[in-house]
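Me: Got a minute to go through this one with me? I'd like to start with the ligand site.

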Amino acid sequence: MTPLDYDFLRKGLKQHSGLVLAADKHYLVESRLLPLARNAGFSNLAELVEALRTRRDAALMACVVEAMTTSESSFFRDRTPFEHLRRTIIPALTTSHRRGVIRIWCAAAATGQEPYSVAICLKEMGRQIAGWQIEILATDLSNDVLKRARAGMYSQFEVQRGLPVKLLIKYFTQVGERWQVAPEIRAMVKFRQFNLLADFASLGTFDVVFCRNVLIYFAQETKTDVLDRLAKAISSDGYLVLGAAETAIGLTDAFKMVIDKPGLYMPHTARARVPAQQTPKYPRPRLVAISGGR
Ligand SMILES: C[S@@+](CC[C@H](N)C(=O)[O-])C[C@H]1O[C@@H](n2cnc3c(N)ncnc32)[C@H](O)[C@@H]1O
């Protein structure tokens with residue numbers, strides 16, 4: 001692959017998905033795109049790139065983007081976000097909300113472990129959420145991963161990563177050598193193909209957004225753009241959950257951290273619960289941390 005071809009692929013990838021490929025990842029591109037090129041009837045990557053250049057084939061570009069995404073995920077990944085959901089987010093929303101509906105968006109849901117973990121976590125909360133209508137929307141750029149997510153079928157290795165045995169037995173059925181998520185949990189999650197670079201308006205407003213382990217692959221300006229738009233898609237008393245290696249700090253003023261809750265943010269418009277006697281006399285700095293409960 002010539003440097004020009006590589007550059008063309010890098011630009012296309014960033015433009016269509018936000019994903020940034022370092023200048024020295026030729027081997028990664030070759031190992032991921034060569035099988036795709038052969039399947040599509042090209043004898044090498046140069047021919048694939050030439051077809052992309054001349055035909056402006058959107059479907060082929062979408063396949064290239066999908067092949068370059070990293071869809072690594074696991075049940076209850078990093079655990080802390082699900083502790084936030086159980087101990088902070090749901091108690092706060094069920095206290096402050098008046099609508100009786102909680103809308104949750106897993107914005108880069110990959111093969112489904114994250115939205116199913118959310119659904120299981122909520123199911124386990126039992127009476128605490130009784131009477132609340134919960135909507136979980138799980139989206140991803142890649143149709144391939146969404147197909148797997150919808151099936152809700154996982155290998156022994158996948159269910160062994162992060163899923164407590166008690167929950168495996170309670171919410172999964174063994175099918176041959178694989179495990180399928182129970183219909184009652186699958187029914188809680190709606191899957192839809194969606195690119196984070198697209199306008200969020202068609203999705204409505206959410207009370208909780210999980211946007212984990214996808215911003216790390218984006219350029220600074222794309223991270224800022226996505227975060228700014230997420231802030232508008234989250235209700236004023238709602239929450240944003242980022243991945244363990246991600247932060248909104250330094251990228252946007254649209255979110256504030258929740259004190260002592262790593263990875264948990266609220267839109268800046270949310271009012272911090274400051275006890276009356278502690279109300280600060282001076283304007284607060286723009287990136288203030290606020291308490292978890294309201
Ligand atoms: C590493 S997985 C993260 C899965 C899950 N959120 C987690 O933390 O375990 C990243 C996912 O982001 C998706 N992705 C990448 N770029 C995207 C974009 N522009 N819009 C939507 N999803 C995207 C990929 O297809 C991939 O499935």
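**The ligand shell**

Reply: Sure. The shell around the ligand is made up of eight nonpolar, eight polar and five charged residues (Ala, Val, Leu, Ile, Met, Phe, Trp, Tyr, Cys and Pro count as nonpolar, Asp, Glu, Lys and Arg as charged, and the others, Gly among them, as polar). This is a predicted model, where local features need pLDDT of at least 70, side-chain atom pairs count only at pLDDT 80 or more, and totals for chains, interfaces and linings use all residues. Residues are numbered from 1 along each chain as its sequence is written, and side-chain values use heavy atoms, with hydrogens and water left out.

Me: Which residues are the closest to the ligand?

Reply: Ser17, Ser73, Ala108, Asp140 and Asn213, out of 21 that surround the ligand (a heavy atom within 4 Å).

Me: What does the side chain of Asp140 do there?

Reply: One of its N or O atoms is 2.6 Å from a ligand oxygen. For Arg77, the side-chain distance to a ligand oxygen is 2.8 Å. Asn195 has a side-chain N or O atom 2.9 Å from a ligand nitrogen.

Me: And how much of the ligand does the protein cover?

Reply: 100% of the 600 Å² of accessible area that the ligand has on its own (Shrake-Rupley, 1.4 Å probe).

Me: Switching topic: how many disulfides?

Reply: Zero, taking a disulfide as two cysteine sulfur atoms within 2.5 Å. For Cys121, the nearest cysteine sulfur belongs to Cys106, 11 Å away.

Me: Is Cys121 buried or exposed?

Reply: Buried, because its relative accessible area is 6% (buried is under 20%, exposed over 50%, partly exposed in between, with a 1.4 Å probe and protein chains only). Cys63, at 37%, counts as partly exposed.

Note on methods
A polar contact is a pair of N or O atoms within 3.5 Å; within protein, one must be able to donate a hydrogen and the other to accept it, and residues adjacent in sequence count only if both atoms are side-chain atoms.
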